[in-house]
Amino acid sequence: MRLKYFSHSAFQITTDSGLVILIDPFLDGNPTSPTTSDKVKADFIVLTHAHGDHVGDSFKIAKRCDSLFICVNELANYCISKGFRAHNMHIGGSHKFDFGTLKFTIAHHGSMTPDNTYGGEPAGVILSIDGKVLYHTGDTGLFYDMKLIGEMTTIDYMLLPIGDNFTMGITDAVKAVELADPGVAIPMHYNTFPVIEAEPLEFKQRIKKIGKRSIVMEYGEEIDL
Ligand code: NI
Ligand code: MN
């Protein structure tokens, strides 16, 4: 599979079979995004929670591409109420899709849509695709169960926030990597706005100090996993 980073928490996964999955596609209103919503496609859209910087341009993209939303029950019902297709899930549950398996995990955060509808619990997501496991933590504070998540599943790539203020900052993110023990850590949710400014190279150095690997992805960069 290939992984592309659009900045903030927005990623695109392209499977070996050519399916495209977008996670939290916040593009048009995102000052750091290298692209716009009219230039991407999606077979599936995975949302970690209902905040505007994560739902982003989902509805515009889904309308054009007839994408299937995958989210926790309340947020999935919200998508359905707007006329979209959605697969309802919830935390702790996994399901097999055409692209692979997806499981929702806990995340410590909030989840209200921009029009003040309760979006259910915020979540992280574990994707098993083309023989690799990717854990996108969503917006979250540090929690000790990340150790359990890493014990239950060998994580190849962990995508986690480092921007502080709304989520983990660098110190907590380094601890999160220590707990979940992924093969590679990829920082996200930083430098989009002044309040979440963080230095990804400081994260990279501190990850190296604990004997772990990280990749700081450029905005728009796509890598083979
Ligand atoms: Ni949020
Ligand atoms: Mn956020």
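## Exercises on two metal ions, a pocket and a fold

Asp-130 sits in the loop that joins S9 to S10. The model you are looking at is predicted, so let's work through it step by step.

**Exercise 1. Find what sets the backbone of Asp-130 apart, and decide whether Asp-130 is buried, partly exposed or exposed.**

Solution.
- Step 1: Look at the backbone. Phi of Asp-130 is near 50°, which is a positive value in a residue other than glycine.
- Step 2: Check the surface. The relative accessibility of Asp-130 is 35%, so Asp-130 counts as partly exposed.
- Step 3: Try another aspartate. Asp-164 has phi near 65°, again positive in a residue other than glycine. Asp-164 belongs to the loop between strand S11 (157-161) and helix H5 (170-180), and with a relative accessible area of 45% it is partly exposed.

**Exercise 2. Work out which atoms coordinate the nickel ion (ligand 1), and why their arrangement is irregular.**

Solution.
- Step 1: List the donors. His-49 (NE2), His-51 (ND1), His-109 (NE2) and Asp-139 (OD) coordinate the nickel ion at 2.2 to 2.3 Å.
- Step 2: Place them in the sequence. The spacing of the donor residues reads H-x1-H-x57-H-x29-D. Here the pair His-51 and His-109 links distant parts of the chain, 58 residues apart: His-51 is in the loop between strand S4 (44-46) and helix H1 (52-55), and His-109 is in the loop between strand S8 (100-106) and strand S9 (123-129).
- Step 3: Test the geometry. The four donor atoms subtend angles of 86 to 174° at the nickel ion. Four donors count as tetrahedral if all angles lie between 85 and 135 degrees. The range found makes the arrangement irregular.
- Step 4: Check exposure. His-51 is partly exposed at 22% relative accessible area, and His-109 is partly exposed at 26%.

**Exercise 3. Identify the donors of the manganese ion (ligand 2), and find which residue coordinates both metals.**

Solution.
- Step 1: The manganese ion is held by Asp-53 (OD), His-54 (NE2), Asp-139 (OD) and His-189 (NE2), at 2.1 to 2.3 Å.
- Step 2: Along the chain, these donors follow the spacing D-H-x84-D-x49-H. The pair His-54 and Asp-139 links distant parts of the chain, 85 residues apart, with His-54 in helix H1 and Asp-139 in the loop between strand S10 (132-136) and H4.
- Step 3: The two ions are 3.1 Å apart, and Asp-139 coordinates both.
- Step 4: Residues under 20% relative accessible area count as buried. His-54 is buried at 0%, and Asp-139 is buried at 2%.

**Exercise 4. Describe the lining of the largest pocket: which element gives the most residues, and how many are nonpolar, polar and charged?**

Solution.
- Step 1: The largest pocket holds about 170 Å³ of space.
- Step 2: Its lining residues include Lys-103, Phe-104, Ile-126, Asp-145 and Met-152.
- Step 3: S8 and helix H4 (146-152) each supply at least two lining residues, and S8 gives the most, with four.
- Step 4: By class, the lining has six nonpolar, three polar and two charged residues.

**Exercise 5. Decide how compact the chain is for a length of 225 residues.**

Solution.
- Step 1: Count the elements: the chain has six helices and 14 strands.
- Step 2: The radius of gyration is 16 Å, close to the 17 Å given by the globule rule for 225 residues, so the chain is as compact as a globular protein of that length.
- Step 3: The C-alpha trace spans about 50 × 35 × 30 Å along its principal axes, and buried residues make up 54% of the 225.

Methods
Residues are numbered from 1 along each chain as its sequence is written. Chains are lettered from A and ligands numbered from 1 in the order in which they are written. This is a predicted model: local features need pLDDT of at least 70, side-chain atom pairs count only at pLDDT 80 or more; totals for chains, interfaces and linings use all residues. Side-chain values use heavy atoms; hydrogens and water are left out. Donors are N, O and S atoms within 2.8 Å of the metal (3.2 Å for Na, K and Ca); water is not among the atoms, so sites may look incomplete. Four donors count as tetrahedral if all angles lie between 85 and 135 degrees; four count as square planar and six as octahedral if opposite donors are over 155 degrees apart and all others between 65 and 115; anything else is irregular. Buried means under 20% relative accessible area, exposed over 50%, partly exposed in between (1.4 Å probe, protein chains only). On a 1 Å grid over the protein atoms alone, a cavity is a set of points where a 1.4 Å probe fits but cannot get out, and a pocket is an open set with protein on both sides within 12 Å along at least five of seven lines; lining residues have an atom within 4 Å of a point. Grid points are joined across faces, edges and corners, and a volume is the space filled by probe spheres set on the points. Ala, Val, Leu, Ile, Met, Phe, Trp, Tyr, Cys and Pro count as nonpolar, Asp, Glu, Lys and Arg as charged, and the others, Gly among them, as polar. The radius of gyration is taken over C-alpha atoms; the globule rule is 2.2 Å times the number of residues to the power 0.38.
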